[in-house]
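Please walk me through this structure, going from its surface patches to its core and its salt bridges. I would like the terms explained with their cut-offs along the way.

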Amino acid sequence: MLVMVRPRTIWMLAGLVLAVMLVGRLGNVLAPFVLGTALAYFLDPLADRLERMGFSRGWAVAVIMLVSLSAMVAAALWLLPTLIAQVRQAVEALPRAVRSGFDFLTMHFPEMMEDGGFLRQFITDLSDRIRLTALMLLGGTVSTVISAVGTIFIFIATMTVSIYMLYDWDRIVQGVNKRLPPGQAPLIRRLARDIDGVMTGFVRGQVIVGGLLATFYSTVLMALGLNYGLLIGIASGLLNFIPYLGSFSGFILATGVALVQFWGDWWRVALVAFIFVFGQVVEGNFVTPRIVGDSVKLHPVFLLLSLAVGGTLFGFAGLLLAVPLAAGLGVIVRYFDAEYRASIRRRRTRQPLQPRVD
């Protein structure tokens, strides 16, 4: 049985396949462009608000960028020296911590640490890998300089793309709107509004929640005198957008560091663990429902799957695109599911009543 396919559909499928192949091949190169476009997308409402206050589009973009750069520079000058020092201390301390654990297991569980044993071999390999990683991070001057230059280039490229995209955002949207097929334009606009609501609600909400958690964890852990408290708190906040990963990893890291640092002072160890439990209870029951809301319907399992698939297929750019694509796909699936259920209800109402046979 032959299936007739319109030429336009073939061209659309070919374009989609080509786009996927290009993203897969150029994932790392596209990262600044994806980041810049995302920044412009989320800053556009602020630019529109400044325009309504009397600013021109150019001045609105200039004000937003100047304020954003000033805030980033101030945060870097305030936090970066402490953060870099804690990262360096953590990298230097990891091999010693693994060696101390090795000696502890050998002393208390000698039968598990016999030569040739699986546990001994595993810990030895882990210690060697950590040592090599520490040497690479601390001793590779050339690679460190290249990495720093690459990071600066990505930052400059991202800010440049975001400035241009933010300045022309309304014109880009109008141009896309004019080129929509007339028959499908209302449906496309409706789906686009729903996707925009889900994506902005989720991403902006998660950014705010992650910032609050990072501030809370960092402040409290540093007040308790926990080593690497700033590093652990910021990492927990940044990873909060991945379901359960931020809270679980932060809990394990903080509790592990507390056990090593406060060994014997079990109340302080328990207090560090309680901080993360308390933070997650407050975040899950009060903060996230109020900031993100119930309208953002991204299931944690679906989000984890999209992040895993995006990162595996397209690298860092795939991770950046995973959440928007997941939000869009979720809206489209829910729309067609609602249409399908509505058609079932319509068919049921049109069915004639069968005569009852006694």
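Helix 3 (57–108) and helix 5 (141–167) each supply at least two residues of a nonpolar patch, where helices are DSSP runs of H or I with at least four residues, strands are runs of E with at least two, and both are numbered from the N terminus. The patch lies on the surface, covers about 430 Å² and is made by Leu 69, Met 72, Ile 152, Phe 155 and Ile 156, and helix 5 contributes the largest share of the patch, with three residues. Patches are made of residues with over 30% relative accessible area and no salt bridge, with like charges joined within 9 Å and nonpolar side chains (Val, Leu, Ile, Met, Phe, Trp, Tyr) joined within 5 Å. Accessible areas come from the Shrake-Rupley method with a 1.4 Å probe, and for residues only the protein chains shown count as cover. Leu 69, one of the residues of this patch, has its place in helix 3; Leu 69 counts as partly exposed because its relative accessibility is 32%, given that buried means under 20% relative accessible area, exposed means over 50%, and partly exposed is what falls in between (1.4 Å probe, protein chains only).

The model is predicted, so that local features need pLDDT of at least 70 and side-chain atom pairs count only at pLDDT 80 or more, whereas totals for chains, interfaces and linings use all residues. Residues are numbered from 1 along each chain as its sequence is written, and side-chain values use heavy atoms, with hydrogens and water left out.

Taken as a whole, the protein chain has 11 helices and zero strands, and from the N terminus on its elements run α-α-α-α-α-α-α-α-α-α-α. Of the 358 residues of the protein chain, 29% count as buried.

A second surface patch is one of charge: Arg 345, Arg 346, Arg 347, Arg 348 and Arg 350 gather in a patch of positive charge. For this purpose Lys and Arg count as positive and Asp and Glu as negative, while His and the chain ends are not counted, and the place of a charge is taken as NZ of Lys, CZ of Arg, CG of Asp or CD of Glu. Arg 347 is found in helix 11 (residues 300–350), and with a relative accessibility of 43% Arg 347 counts as partly exposed.

Turning to the interior, the largest nonpolar core has 19 residues, and those with the most contacts inside it are Leu 43, Ile 64, Met 65, Leu 166 and Val 331. Helix 2 (27–52), helix 3, helix 5, helix 7 (185–223) and helix 11 each supply at least two residues of this core, and helix 2 gives the most, with five residues. A nonpolar core is here a set of buried Ala, Val, Leu, Ile, Met, Phe, Trp, Tyr and Cys residues joined through side-chain atoms within 4.5 Å.

The charged side chains also pair with one another. A salt bridge is a side-chain nitrogen of Lys or Arg within 4 Å of a carboxyl oxygen of Asp or Glu, and by this rule the count comes to seven salt bridges. In one of them, the side chains of Arg 57 and Asp 44 meet at 2.8 Å, N to O; Arg 57 lies in helix 3 and Asp 44 in helix 2, so this pair ties together parts that are 13 residues apart in sequence. Both Arg 57 and Asp 44 are buried, with Arg 57 at 10% relative accessibility.

Arg 57 also forms a salt bridge with Asp 170, the closest N and O atoms being 3.4 Å apart. This pair links distant parts of the chain, with Asp 170 in helix 6 (residues 169–178) and Arg 57 in helix 3, 113 residues apart. Asp 170 is partly exposed, with a relative accessible area of 28%. Asp 44, Asp 48, Glu 51, Arg 57 and Asp 170 are linked in a network of salt bridges.

A further salt bridge joins Arg 268 and Asp 265, whose closest N and O atoms are 4.0 Å apart. Arg 268 counts as partly exposed at 34% relative accessibility, and Asp 265 counts as partly exposed at 31%.

Two buried residues complete the picture. Ala 326 lies in helix 11 and counts as buried at 2% relative accessibility; the C-alpha atoms of Ala 326 and Gly 310, 16 residues apart along the chain, are separated by 9.9 Å. Leu 230 has its place in helix 8 (residues 229–238) and is buried, with a relative accessible area of 6%; between the C-alpha atoms of Leu 230 and Tyr 217, 13 residues apart along the chain, the separation is 7.9 Å.
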